[in-house]
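Open the model in your viewer and keep the selection tool at hand. We will go from stop to stop, and at each one you will be told what to select and what to look for.

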Amino acid sequence: PLALFFLARARPLPRHCCDNGNSLLQYPLFFTITIPSRVTSLPKIEESIMHHDPLFCPLRLGQLHLANRIVMPPMTRSRASQPGDVANAMMATYYAQRAGAGLIISEGTQIDPLGKGYAWTPGIHSAEQVAGWKQVTDAVHAEGGIMFAQLWHVGRVTHPDNIGGAQPLSSSAIQAKGVKVFVDNGSDAPGFVETVTPRAMTQADIDAVVGQFRRAARNAMEAGFDGIELHAANGYLINQFLDSESNTRTDGYGGSLENRLRFLKEVTEAVCDEIGPDRVGVRLAPLTTLNGTVDANPQETYLAAARLLGQLGVVYLHVAEADWDDAPLMAESFKQGLRDAFPNTLIYAGKYDGERARAAIEAGWADMIGFGRPFVANPDLPNRLRHGHPFAPHDPATLFGGGEKGLTDYPVYGAERA
């Protein structure tokens with residue numbers, strides 16, 4: 001046998017690939033291998049040693065060690081037990097089946113009864129809800145998974161039927177016109193209705209909601225989550241303060257960009273103070289116009305938001321790209337600007353397949369990639385990505401509401417042909 005000493009630096013691994021957070025781009029890797037005497041082709045050995053799959057390079061997220069760069073992002077499935085909006089055993093099975101993801105982020109879970117936007121979504125503000133989520137996190141952890149809770153207040157994107165007859169809250173008294181939400185008021189047949197005009201939040205309202213986010217972060221830790229994600233995207237409450245066209249306030253929370261960032265800052269500071277910034281991520285959606293939120297200068301607004309969140313030390317920034325058919329494309333220069341503005345882990349979610357995901361990580365502006373709809377019908381998605389197996393299609397009719405059909409009955413690769 002022949003012992004060889006290698007200096008490997010030819011192809012940099014993705015950021016955070018080492019446990020200390022440093023990339024092999026900066027630090028060479030020295031190692032010794034023993035070559036059997038029958039082997040004569042050293043180039044093939046070197047090629048094998050140097051090959052790596054960016055999606056399966058481990059990553060350190062705060063104090064957590066993730067096995068891969070694949071994220072199961074938040075997806076509303078509307079199957080919480082009623083009454084009470086309680087996470088249940090069926091949901092525990094669903095998430096545990098997908099624990100092969102490096103990180104699971106739960107569906108949005110409302111922090112208060114007034115923060116509920118749609119029928120049958122789970123909450124995290126009552127003791128019963130915390131206990132329900134505990135069985136979910138226990139199931140995910142038993143399969144070796146890591147899971148964050150997405151904390152959600154929808155603001156104006158709701159209807160009085162979903163919040164006990166109350167008027168919705170928002171940054172300003174502006175209706176999300178043309179936006180419909182799913183309601184179940186207990187007397188009429190469940191269905192979609194248009195949102196109503198909200199009332200502008202007072203200072204007392206703002207202080208109360210900041211406190212609700214703090215309490216929800218504490219509840220998430222009690223429920224066994226590994227961290228939380230603030231939902232500041234897709235037109236919900238924090239986003240309603242951020243974007244210029246949904247915020248017409250004239251006080252310290254409106255007008256200037258600094259003021260429009262203030263609510264995000266106060267909520268983020270509260271949850272970081274409660275559970276530590278290394279357990280906190282934030283989701284933003286710079287170019288989406290979902291639920292009626294539009295910003296006049298999204299690049300300026302969201303680069304400033306990224307810098308703010310970096311200063312606050314949150315562990316990751318989760319960027320939701322617009323993913324409908326004619327959606328605006330997020331320029332790579334914008335993505336590089338976010339990389340320059342935010343020092344920690346960057347997650348992107350959109351219409352990613354394996355090829356686009358690997359390219360994004362290798363380009364350096366993404367550290368992890370979220371695969372939303374593919375995770376619905378492919379509980380073994382990481383294995384399919386690793387081996388190049390095709391993705392199974394999901395059934396749109398079973399996305400929201402119902403039982404196990406369309407939630408826990410999708411097979412792993414090969415089983416559907418057995």
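**Stop 1: the parallel strands**

Select β5 and β6: these two strands pair in the parallel sense over 2 bridges. Strands here are DSSP runs of E with at least two residues, helices are runs of H or I with at least four, and both are numbered from the N terminus. Two strands count as paired if DSSP finds at least two bridges between them. Before going on, note that this is a predicted model, in which local features need pLDDT of at least 70 and side-chain atom pairs count only at pLDDT 80 or more, while totals for chains, interfaces and linings use all residues. Residues are numbered from 1 along each chain as its sequence is written, and side-chain values use heavy atoms, with hydrogens and water left out.

Now pick V71, which stands opposite L103 in β6. Next add strand β7 (residues 147-152), which pairs with β6 in the parallel sense over 5 bridges. Here I105 stands opposite F148 in β7. Follow the chain from β6 through helix α3 (residues 127-142) to β7, and you trace a right-handed β-α-β crossover. Right-handed means that, with the strands pointing away from the viewer, the path from the first strand over the helix to the second runs clockwise.

How many residues of strand β6 (residues 103-110) are buried? The count is 8 of its 8 residues. Buried means under 20% relative accessible area, exposed means over 50%, and partly exposed lies in between (1.4 Å probe, protein chains only).

**Stop 2: a loop with unusual angles**

Most residues other than glycine have a negative phi, and most peptide bonds are trans. Select the loop between β5 (70-72) and α2 (89-97), where you will find P83. The peptide bond from Q82 to P83 is cis, with omega near -5°. S78 is in this loop between β5 and α2 too, and its phi is positive, near 55°. With 8% relative accessibility, S78 counts as buried. D85 belongs to the loop between β5 and α2 as well; its phi is also positive, near 55°. D85 is buried at 9%.

**Stop 3: helix α8**

Select residues 298-312, the 15 residues of helix α8. Try the distance tool on its end C-alpha atoms: they are 21 Å apart, which agrees with the expected span of 21 Å. That expectation is 1.5 Å times one less than the number of residues.

Colour the buried residues of α8, among them Y302, L303, L308 and L309. What covers them includes α7 (262-275), β14 (316-320) and α9 (332-341). Just after α8 comes G313, with a positive phi near 85°.

**Stop 4: charged pairs**

Side chains of opposite charge can pair when their charged atoms come close. A salt bridge here is a side-chain nitrogen of Lys or Arg within 4 Å of a carboxyl oxygen of Asp or Glu, and the count comes to 14.

Select R214 and D273, whose closest N and O atoms are 2.8 Å apart in a salt bridge. R214 is in helix α4 (residues 203-222) and D273 in helix α7, 59 residues apart. R214 is partly exposed at 27%, whereas D273 is exposed at 56%.

Move on to K335 and E321, which meet in a salt bridge (3.2 Å, N to O). K335 lies in helix α9 and E321 in the loop between β14 and α9, so the pair ties together parts that are 14 residues apart in sequence. K335 is buried at 6%, and E321 is buried at 12%.

How values were computed: Contact means heavy atoms within 4.5 Å.
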